[in-house]
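Trainee: I am new to this structure and would like to go through it slowly, asking at each step how a description is justified.
Mentor: Then let us put it in front of us and take the questions one by one.
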Amino acid sequence: MSTLMDAKKAAAVKAPRDPRLDFFRGIAMFIILLAHTPGNTWTLWIPARFGFSDATEIFVFCSGMASALAFGAVFSNKSWWLGSARIAFRVWQVYWAHIGVFLVSALLMIAIDHYGLGPEGKEYAKWPSIIRLFTDTQDALLGLFTLTYIPGLFDILPMYLVILAMVPAVMGLHALGGRWAVFAAMGVTWAAAQLAGYARGADDIVDPTMLQAALIALGEPLQWMNFRGSPFNDSHTWFFNPFGWQLIFFTGFSFGMGWIPAPPVKLWLIALCAAILFLILPVAWVKLYAWMTGYLPETWGGAFLWDAREALRPIWWKSWQGLGRYVHFLALAYVAWVAVGPRGVRLSEGFEPAAPAGIWALRAAAAVALVTIPYAYIDEIKWLSPAIDNAILSVYPALYNQLGLAQIAHLIALIVLVWAAIGEEGRRWIARDMVVRSVPVIQKVGTQSLAVFLVSIVLSRFNGFLLDVIGRDVWTRAGVNLWGFAVLIATAYIVSWFKRQPWRTRPATAGAARETARDGEGAADPRGRPPIAAMRP
């Protein structure tokens with residue numbers, strides 16, 4: 001009887017993992033590394049450049065869902081007290097992970113300076129995020145350990161551990177009032193954080209309107225929500241306000257717990273989400289109209305877009321998770337969720353390759369690619385032949401202004417031409433074979449997201465140092481970024497190997513079950529169903 005019960009438990013634990021959670025969490029890890037690497041032009045192509053939300057939303061949403069799958073069962077099947085103890089243990093782990101990653105990053109900067117590895121004249125220990133550790137050591141250390149010193153780049157984990165600490169309250173609220181009580185608490189807490197954020201920025205409003213004055217007055221008593229982020233600057237607060245960001249976390253948590261059903265796959269809903277993404281794009285894509293470097297001149301609408309973005313600041317601000325960011329993320333998540341198919345089938349089987357463009361479209365693409373060459377390869381032309389560069393400048397006097405749109409047009413034209421040139425076999429390999437082979441690797445990174453994230457913080461600073469030494473061009477950036485991806489992948493596989501504890505001897509069935517449970521958060525949901533069963537279409 002005991003053997004039969006053990007077999008049933010193992011079968012329940014070994015239920016196949018839904019590929020979507022780990023896949024998107026893994027994607028977020030790669031994007032975060034790119035975004036944190038100094039002087040990395042690859043960041044011009046991450047999702048954050050084309051919309052309000054970014055990889056942080058992906059990370060926090062997926063962490064919420066994973067927390068429901070990993071910890072929710074303890075609350076449901078054991079007790080509230082044991083569930084709270086499990087959460088407290090996780091908070092303890094995240095706390096020391098935060099302390100450790102800060103100290104290791106500081107040690108890296110010190111080592112580069114101590115051994116004279118960096119470029120002449122550059123002192124890495126003067127990086128603003130760590131310099132106070134050396135100039136005001138006592139206050140910095142005390143602030144570091146009390147979470148009142150949260151410098152840039154080290155602000156995600158403190159926010160995450162505070163939100164984790166809210167889980168027992170949410171589970172208790174659900175036990176008392178059900179999911180609607182939880183949703184109400186989420187909304188009220190988020191709204192209070194917005195008011196607190198508005199009050200914090202009151203000094204920037206020169207002549208507030210009656211509405212603005214009322215919002216500031218409502219937010220003043222709530223400023224305690226803006227946690228102090230520096231012992232050296234009274235106005236510095238945590239960049240990620242946990243009371244605002246809990247909305248994203250507990251949305252994912254609610255999906256993982258089954259409190260929110262999966263949305264239907266409807267054409268009108270897909271069109272609505274796509275429209276939201278399209279309408280937000282012009283205001284969110286700062287590179288389109290940024291001062292002095294924008295792709296659009298002021299007379300073409302650049303000034304209008306900039307003013308519109310500034311007027312909408314409370315909608316898209318990141319620190320308090322503005323409503324626009326939340327809506328943008330939900331729209332993007334829905335489109336991505338639909339794109340990978342029911343239960344992520346396209347992640348395991350690949351996609352149907354799109355047909356190449358017609359002959360007239362190919363001719364147009366060839367013409368665009370040819371005409372935009374002077375705009376697309378400025379550095380290369382200048383390096384190969386200064387004379388040709390000067391000749392081009394005489395024909396294109398505004399070459400160094402508003403380059404971006406021409407460069408993007410050149411890139412799109414090349415993609416169209418290359419897609420047609422590689423043939424049916426090549427298109428099938430990219431859309432199917434490459435997807436099928438790469439997805440398991442990305443998922444592995446997603447299953448070990450905390451370890452990978454910690455490594456990525458330190459690695460981003462090291463990669464910035466590498467680029468300082470070898471220079472920044474198309475090839476060096478590509479090499480360093482790909483090296484960074486390889487390190488994250490290796491980290492995920494190494495951590496997974498250690499978690500499996502291969503040195504231990506145990507029955508094959510039970511061992512496989514424990515491996516599944518340990519290979520990341522979210523092995524099974526609180527009701528013993530396969531992970532993310534609530535997300536099935």
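Trainee: Leaving aside its neighbours within four places in sequence, which residues is Leu347 in contact with?

Mentor: Keeping in mind that this is a predicted model, Leu347 is in contact with Pro19, Arg20, Phe23, Val340, Val435, Val436 and Val439, once its neighbours within four places in sequence are left aside. The place of Leu347 itself is in helix 14, residues 345-349.

Trainee: Why is Leu347 called buried?

Mentor: Buried means under 20% relative accessible area, and Leu347 has a relative accessible area of 4%, so Leu347 is buried. Its C-alpha atom lies 9.0 Å from that of Arg432, although Leu347 and Arg432 are 85 residues apart in sequence.

Trainee: What makes Trp419 buried or partly exposed?

Mentor: Partly exposed covers the values between the 20% and 50% limits, and Trp419, with a relative accessible area of 22%, is therefore partly exposed. Trp419 is found in helix 19, residues 404-421, and, not counting residues up to four places away in sequence, Trp419 touches Pro353, Ala354, Ala355, Pro356, Arg427 and Ile430. The C-alpha atoms of Trp419 and Ala357 are separated by 8.5 Å, with their positions 62 residues apart along the chain.

Trainee: How many helices and strands does the chain have, and what percentage of its residues count as buried?

Mentor: The chain has 23 helices and zero strands, and of its 537 residues 46% count as buried. Among the contacts in the chain with a separation of 6 or more, 75% are accounted for by residues 24 or more positions apart.

Trainee: What makes helix 2 and helix 20 roughly parallel or roughly perpendicular to each other?

Mentor: The axes of helix 2 and helix 20 come within 7 Å and cross at roughly 80 degrees. Angles of 65 to 115 degrees count as roughly perpendicular, and helix 2 and helix 20 are therefore roughly perpendicular to each other. On the side of helix 2, the contact is made by Pro19, Asp22, Phe23, Arg25, Gly26, Ile27, Met29 and Phe30, and on the side of helix 20 by Val439, Ile442, Gln443, Val445, Gly446 and Thr447. By class, this contact of helix 2 with helix 20 has eight nonpolar, four polar and two charged residues.

Trainee: How do you know which description, parallel or perpendicular, suits helix 2 and helix 21?

Mentor: Helix 2 and helix 21 pack at an angle of about 20 degrees, with their axes 8 Å apart. Angles under 35 degrees count as roughly parallel, and helix 2 and helix 21 are therefore roughly parallel to each other. The crossing in which helix 2 passes helix 21 is right-handed. Here Arg25, Met29, Ile32, Leu33 and His36 in helix 2 meet residues of helix 21 that include Val452, Phe453, Ile457 and Leu459. The contact of helix 2 with helix 21 has, by class, seven nonpolar, five polar and two charged residues.

Trainee: What makes helix 4 roughly parallel or roughly perpendicular to helix 21?

Mentor: The axes of helix 4, residues 80-114, and helix 21, residues 449-470, come within 10 Å and cross at roughly 15 degrees. That makes helix 4 roughly parallel to helix 21, because the limit for this description is an angle under 35 degrees. The crossing of helix 4 and helix 21 is right-handed. The contact is made by residues including Val101, Val104 and Leu108 of helix 4 and Leu454, Val458 and Phe465 of helix 21. The residues of this contact of helix 4 with helix 21 divide into twelve nonpolar, one polar and two charged.

Trainee: How do you know that the span of helix 22 agrees with its 26 residues?

Mentor: At 1.5 Å a residue, the 26 residues of helix 22, residues 474-499, should span 38 Å, and its end C-alpha atoms are 38 Å apart, which agrees. The buried residues of helix 22, among them Val480, Phe485 and Leu488, pack against helix 2, helix 20 and helix 21.

Trainee: Why does Gln501 count as buried?

Mentor: Gln501 has 19% relative accessibility, and the limit for buried is under 20%, so Gln501 counts as buried. Gln501 is found in the loop between helix 22 and helix 23, and Gln501 has a positive phi of about 50 degrees although it is not a glycine.

Key:
Residues numbered from 1 in each chain as written. Predicted model: local features only at pLDDT ≥ 70, side-chain atom pairs only at ≥ 80, totals over all residues. Heavy atoms only, no water. Axes fitted to C-alpha atoms, helices over the stretch in contact; angles between N-to-C directions. Helix = DSSP H or I, 4+ residues; strand = E, 2+ residues; numbered from the N terminus. Parallel < 35°, antiparallel > 145°, perpendicular 65-115°, else oblique. Left-handed = near helix turned anticlockwise from the far one by under 90°. Contact = heavy atoms within 4.5 Å. Nonpolar A, V, L, I, M, F, W, Y, C, P; charged D, E, K, R; others polar. Expected span 1.5 Å × (residues − 1). Buried < 20%, exposed > 50% of the residue type's maximum accessible area, 1.4 Å probe, protein only.
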